[in-house]
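The following paragraphs lead the reader through a molecular model, from its interior to its surface. Please keep the sequence and the structure in view while reading.

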Amino acid sequence: MSNLIFGFGLLIFVIIFYVYLFKNKGKKEFKKAVKKGNRNLIQNSIRIFSIFLIIGILQNFLSPKQVGDFLLNFSGVKGIITGLFTGAIMMGPPASGYPIAQYLFENNASISLVSSFLLSWVMLGIVFITYELQNFGKKFTIVRNLYAIISIIIIAYLMEMIL
């Protein structure tokens with residue numbers, strides 16, 4: 001409920017801000033800003049739709065059993081790296097990766113492999129890189145993904161040692 005209230009509050013703030021711009025900056029700048037905003041919204045909507053389409057296709061054609069069987073062939077460092085890249089390619093919300101993780105655990109996969117898979121499933125996204133490059137820039141995208149990869153490897157090793 002508090003998220004809903006916060007969302008409405010933010011919406012009201014944006015509307016007030018637009019009214020302020022309209023009155024103080026003039027109609028010409030306001031129309032220019034709205035046109036630019038609409039163009040960006042349409043471009044980003046197309047990108048996001050195509051990203052979700054690719055993710056949906058991957059998740060529908062590759063069952064948790066197929067992905068799990070592929071990942072079970074690897075262990076140790078190869079398992080971590082393979083889990084990392086498989087999760088990055090598949091990409092999705094955490095809840096949709098849990099069935100694959102459960103299948104892996106049931107078939108005696110290492111904790112580091114499952115950890116690297118689930119972390120990269122959420123933190124990395126090869127499909128999402130084009131959107132990230134467009135909106136955040138090359139430097140940000142490279143640095144964020146490098147930090148994410150390093151973090152995933154460290155966390156996977158720590159999970160293996162702790163559990």
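In this predicted model, the buried residues of helix α4 pack against α2 (27–61), α3, α6 and α8. Those buried positions in α4 are Gly79, Ile80, Thr82, Gly83, Leu84, Thr86, Gly87, Ala88 and Met90.

The length of α4 can be checked by a short calculation. The helix comprises 15 residues, 76–90, and at 1.5 Å a residue it should span 21 Å; because its end C-alpha atoms are 21 Å apart, the expectation and the model agree. After α4 comes Met91, which has a positive phi, near 45°.

Met90 deserves separate attention. Leaving aside residues up to four places away in sequence, Met90 touches Ile55, Leu58, Gln59, Leu62, Val67 and Trp121. Met90 also belongs to the largest nonpolar core, a group of 11 residues. The other members of this core are Val67, Leu71, Ile100, Ala101, Leu104, Ala109, Leu113, Val114, Phe117 and Trp121. Three helices, α3 (64–71), α5 (94–106) and α6 (111–123), each supply at least two residues of the core. Of the contributors, α6 gives the most, with four residues.

Attention now turns to the surface. A nonpolar patch of about 1,000 Å² is formed there by Val143, Tyr147, Ile150, Ile154, Ile155, Leu158, Met159, Met161, Ile162 and Leu163. One of these residues, Tyr147, lies in helix α8, which covers residues 138–162. Is Tyr147 buried or exposed? Its relative accessible area is 57%, and exposed means over 50%, so Tyr147 counts as exposed.

Technical notes: Residues are numbered from 1 along each chain as its sequence is written. This is a predicted model: local features need pLDDT of at least 70, side-chain atom pairs count only at pLDDT 80 or more; totals for chains, interfaces and linings use all residues. Side-chain values use heavy atoms; hydrogens and water are left out. A nonpolar core is a set of buried Ala, Val, Leu, Ile, Met, Phe, Trp, Tyr and Cys residues joined through side-chain atoms within 4.5 Å. Buried means under 20% relative accessible area, exposed over 50%, partly exposed in between (1.4 Å probe, protein chains only). Contact means heavy atoms within 4.5 Å. Patches are made of residues with over 30% relative accessible area and no salt bridge: like charges are joined within 9 Å, nonpolar side chains (Val, Leu, Ile, Met, Phe, Trp, Tyr) within 5 Å. Accessible areas come from the Shrake-Rupley method with a 1.4 Å probe; for residues, only the protein chains shown count as cover. A salt bridge is a side-chain nitrogen of Lys or Arg within 4 Å of a carboxyl oxygen of Asp or Glu. The expected span of a helix is 1.5 Å times one less than its number of residues.
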